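Thanks for coming. I will go through one chain this morning, from the overall layout down to single residues.

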Amino acid sequence: FVAVSVYFQYAGSGGIAGPQVGLVTAGNGNFTGTGDVSGRLSSNSLQLRSSNGTVTTAASAVSLVTGNWYELSYSVERTSTSGQFNASVAVYNSSNAGVQGSMVDSLSGTFTNATLWADSSVFAAIRENTSIVNLDNFAAQQGVAAVPEPASCAAMAGVVLLGFAAGRRRRGGR
């Protein structure tokens, strides 16, 4: 599992088109070859792309407001089938401080990309266009098991202790 995201300020020029974020192979290094998977805004809709060809396009139109900030978030995960990936892309309202707001639209799908599947040196990448004023907070994250917050650990320990105490009471009452 890999997630890539970027915050951007929409300029309102050239139709609804935002940044493109995703993964590329080391040899390719960009979104113009065969070894890339990505999500982007284009022609008023979200798109999932593989090998820089449109794979899936959202049915609903995305409406962005000139001057506002948004987050474009993309995630991809290899499936157990060779060469196959599950991917999703979403656009969120955000503040100029990089705080994610409500979801504007999202799209998910499954596709095949043998070149990316076979490459062991994959990189996160971003591409912008003329309808972007500013980009901020580019992030790439490889999925790992979630580490619980300390408060969650304390709550889980409390539940375990309560269960232990209840079990002792039942046995002691016999």
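**Overall layout**

Of the 174 residues in this chain, 37% are buried. Please keep in mind that the model is predicted.

The chain has two helices and 10 strands. Read from the N terminus, the order of the elements is β-β-β-β-β-β-β-β-α-β-β-α. Taking the contacts in the chain with a separation of 6 or more, 61% are between residues 24 or more positions apart. As for the surface, the accessible area is about 9,400 Å², and carbon and sulfur atoms account for 52% of that.

Next, the pocket.

**The largest pocket**

What is the volume of the largest pocket? The computed value is about 300 Å³. The lining is made up of 17 residues, and those closest to the centre are Val2, Leu23, Val76, Arg78 and Val122. Four elements give two or more residues each to this lining: β6, residues 69–78; α1, residues 114–118; β9, residues 122–127; and β10, residues 132–142. By residue class, the lining has 11 nonpolar, three polar and three charged residues.

For anyone wondering about the method behind this, rolling a probe the size of a water molecule over the atoms shows where empty space is left.

**Arg78 and Thr112**

Arg78 deserves a slide, since I have just named it. This residue is in strand β6, and it is among the residues closest to the centre of the largest pocket. Is Arg78 buried, partly exposed or exposed? Its relative accessible area is 48%, so Arg78 counts as partly exposed; the exposed class begins over 50%. Setting aside neighbours within four places in sequence, the contacts of Arg78 are Gln84, Phe85 and Trp117. Thr110 is 32 residues from Arg78 along the chain, and the C-alpha atoms of the two are separated by 9.7 Å.

Thr112 is in strand β8, which covers residues 100–112. With a relative accessible area of 55%, Thr112 is over the 50% cut-off and is therefore exposed. Without neighbours within four places in sequence, Thr112 is in contact with Ser50, Gly83 and Gln84. Gln84 also came up as a contact of Arg78. Between the C-alpha atoms of Thr112 and Thr79 the separation is 9.9 Å, with the two positions 33 residues apart along the chain counted as the sequence distance.

**Buried positions in and before β3**

Now to residues with little or no accessible area.

Ser38 is in strand β3, residues 36–42. Its relative accessibility is 0%, so Ser38 counts as buried. Which residues does Ser38 contact, leaving out neighbours within four places in sequence? They are Gln20, Val21, Gly22, Phe31, Gln47, Leu48, Arg49 and Tyr74.

Gly39 is also placed in β3. Gly39 has a relative accessible area of 0% and is therefore buried. Beyond four places in sequence, Gly39 touches Pro19, Gln20, Val21, Gln47, Leu72, Tyr74 and Val89. Tyr74 is on the list for Ser38 as well. From Gly39 to Ser75 the distance is 8.5 Å, C-alpha to C-alpha, and the pair is 36 residues apart in sequence.

Gly35 is in the loop between β2, residues 20–25, and β3. Where a residue has a relative accessible area under 20%, it is called buried, and Gly35, at 1%, therefore counts as buried. How far is Gly35 from Thr115, C-alpha to C-alpha? The two are 5.0 Å apart in space and 80 residues apart in sequence.

**Ser5**

The last residue is Ser5, in strand β1, residues 2–10. Is Ser5 buried or exposed? Its relative accessible area is 11%, so Ser5 is buried. The side chain of Ser5 makes a polar contact of 3.4 Å with the side chain of Glu71.

**To recap**

The largest pocket, about 300 Å³ in volume, has a lining with 11 nonpolar residues. Arg78 is partly exposed, whereas Thr112 is exposed. Ser38, Gly39, Gly35 and Ser5 are buried.

Note on methods: Residues numbered from 1 in each chain as written. Predicted model: local features only at pLDDT ≥ 70, side-chain atom pairs only at ≥ 80, totals over all residues. Heavy atoms only, no water. Buried < 20%, exposed > 50% of the residue type's maximum accessible area, 1.4 Å probe, protein only. Polar contact = N/O pair within 3.5 Å; in protein donor to acceptor, adjacent residues only side chain to side chain. 1 Å grid on protein atoms, 1.4 Å probe; cavity = no way out; pocket = protein on both sides within 12 Å on 5 of 7 lines; lining within 4 Å. Points joined across faces, edges and corners; volume = space filled by probe spheres on them. Nonpolar A, V, L, I, M, F, W, Y, C, P; charged D, E, K, R; others polar. Contact = heavy atoms within 4.5 Å. Areas by Shrake-Rupley, 256 points an atom, 1.4 Å probe, with all protein chains shown as cover.
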